[in-house]
Amino acid sequence: MTKPITGAVTEMMETMERVGTMNAVVKTLTACLQCGTCSASCVSKSSFNLRKIVMDFVLDGKDFDSSIWDCTTCFACQTRCPREIPLTDVIVDSRRKLVESGRTPPEVRDIFISIQKFRNPFGVPSQERKSWLRKLKVEKGIPDISDGVEYFWFIGCFNSVDPRSRMVVEKVADIFNEIGINYGISESEGCCGNDVYAMGEEGLFELLKEENTKFLRENGIRKIITTSPHCYNAFKNYYSSLQVYTPVDIVHSAILDEELKFKYDVTYSVTYHDPCFLGRYNGVYEKPREVLKAIYNIEIIEMQRTRENSFCCGGGSGNFMRTGSKPNVQRAKEAIRTSAEILAVSCPLCMNMLNDGVKSLNSEMKVMDVMELIHKAVFGEK
Ligand code: SF4
Ligand code: SF4
């Protein structure tokens, strides 16, 4: 039998009093209709049921449990909730409380320790990153920030240590050199802190932010180019007084200003995967598509779920290093269904997660960064 609504509300109020948490989070979550849109949209739905978690939290005063570490903070639930409940924010906030009270799962704690020690989640010593930078195969070299530059190119930890993503960095450098922008990198680049923030380690995030802010101020940097959408989101939304660009922004302007010419045909059919931290977080949907469309002979075939409905690769919030659900395989299937030859990405995590997804399905589909396709159009097959 359906409970009279007044009874349900009274019960809810009593529950909230009992739990003693008549705080903003509970007030927000009581607007929940229990419609299940969030759970249906969730990339981690095989490990947790968000609609039920919200109900348990509000009605039974249960704490969010450790399954919330499987959330990739993809923002899909928050974008689609008809009551505009800030679900992703609530999850991040709950993680903060778990971290504060020492209830961090060991594999998450290991990521924090690596970042504390080495400023990257993989535990790669800074010396190794520096020696890779010196060996980059970039014809005209990469300038250093100390030369006094307009743009600081923040390569990002994933791009600096992952072999596949390092190949993208070389292509991006060639393109920047061809355009002739005044940019530089730093061998002592640290971690932007985006995923540390999402994983709830507020103290470590503040430390990284302080370090980066000091570094940027000392070098007089106001403009920053980020290879990873995760770094883009951090510098744009969590830091102040910075103009933040993606490599695609630089290319887009250069095409409009006729500073970059596409000289070669690239005869591919391509489907583009929107990364969460460019798309849903920052509304960047059209520029990567416009740049791809500017390449001769590229045909774009859209997947069924695109733009704000894009389905996360599963790598966000440290999940690329954890063994959880495998949404990358599901997303790879969606890409393969388009029959496109290339799955274009603009995030190093998506590159890796979707590459694994495509491989596990024994598909011929190739995963490439948008900048690699641009490189082909500018330099040919070199
Ligand atoms: S989408 Fe929003 S209203 Fe619907 S169940 Fe989830 S939190 Fe509640
Ligand atoms: S942010 Fe994404 S992964 Fe996290 S609960 Fe929402 S839909 Fe699921």
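**A buried central strand, its sheet and two ligand shells**

In this predicted model, strand β5 is largely enclosed by the rest of the structure, because 5 of its 5 residues are buried. The side chains of β5 are divided between two directions: Y268, V270 and Y272 point one way, while S269 and T271 point the other way, and all of them are buried.

Strand β5 belongs to an open sheet of 4 strands, arranged in the order β6-β5-β7-β8 with parallel pairing. The edges of this sheet are taken by β6 (298-300) and β8 (366-369); each has a single partner strand, so one side of each is left without a neighbour in the sheet. From one strand to the next, the twist averages 35 degrees. As a general reminder, the strands of a sheet pair through backbone hydrogen bonds, in either a parallel or an antiparallel manner.

It is worth following β5 to its two partners. Towards β6, the two strands run parallel and are joined by 3 bridges, with Y268 standing opposite I298 of β6. Towards β7, strand β5 (residues 268-272) is joined by 3 bridges to residues 342-345, and this pair also runs parallel. Here T271 has L343 of β7 as its bridge partner. The two named positions therefore sit on opposite-pointing sides of β5, since Y268 is in one group of side chains and T271 in the other. Helix α18 (residues 370-379) lies across β5, β6, β7 and β8, and runs at about 80 degrees to β8.

Attention now turns to the ligands. Around ligand 1 there are 13 residues, of which C32, C35, G36, C38 and C81 come nearest. By class, this shell holds 8 nonpolar, 3 polar and 2 charged residues. Ligand 2 is likewise surrounded by 13 residues, and the closest of these are C42, C71, C74, F75 and C77. Its shell divides into 9 nonpolar and 4 polar residues, with no charged residue. Cysteines thus appear in the closest set of ligand 1 and in that of ligand 2.

Two loop residues deserve a note on backbone geometry. Most residues other than glycine have a negative phi. E84, although not a glycine, has a positive phi of about 55 degrees. This residue is found in the loop between α5 (76-80) and α6 (87-100), and its relative accessibility of 68% makes it count as exposed, the cut-off being over 50%. N297 also has a positive phi, near 75 degrees, in a residue other than glycine. N297 is placed in the loop between α15 (286-293) and β6; at 44% relative accessibility, N297 counts as partly exposed.

A further contact set is centred on L133, which lies in helix α8 (residues 126-134). With a relative accessibility of 14%, L133 counts as buried, the limit being under 20%. Leaving aside residues up to four places away in sequence, L133 touches I155, I185, S186 and E187. L133 and E187 are 54 residues apart in sequence, yet their C-alpha atoms are 7.4 Å apart in space.

Finally, a word on confidence. The protein averages a pLDDT of 90, and 93% of the residues score at least 70. Over residues 1-22, however, the pLDDT is below 50; this stretch has 19 contacts in the model beyond near neighbours in sequence.

Key:
Residues are numbered from 1 along each chain as its sequence is written. Chains are lettered from A and ligands numbered from 1 in the order in which they are written. Side-chain values use heavy atoms; hydrogens and water are left out. A residue is near a molecule or strand if one of its heavy atoms lies within 4 Å of it. Ala, Val, Leu, Ile, Met, Phe, Trp, Tyr, Cys and Pro count as nonpolar, Asp, Glu, Lys and Arg as charged, and the others, Gly among them, as polar. pLDDT is the predictor's confidence in each residue, from 0 to 100. Contact means heavy atoms within 4.5 Å. Two strands pair if DSSP finds at least two bridges between them. Axes are lines fitted to C-alpha atoms, for helices over the stretch in contact, and angles run from 0 to 180 degrees between N-to-C directions. Buried means under 20% relative accessible area, exposed over 50%, partly exposed in between (1.4 Å probe, protein chains only).
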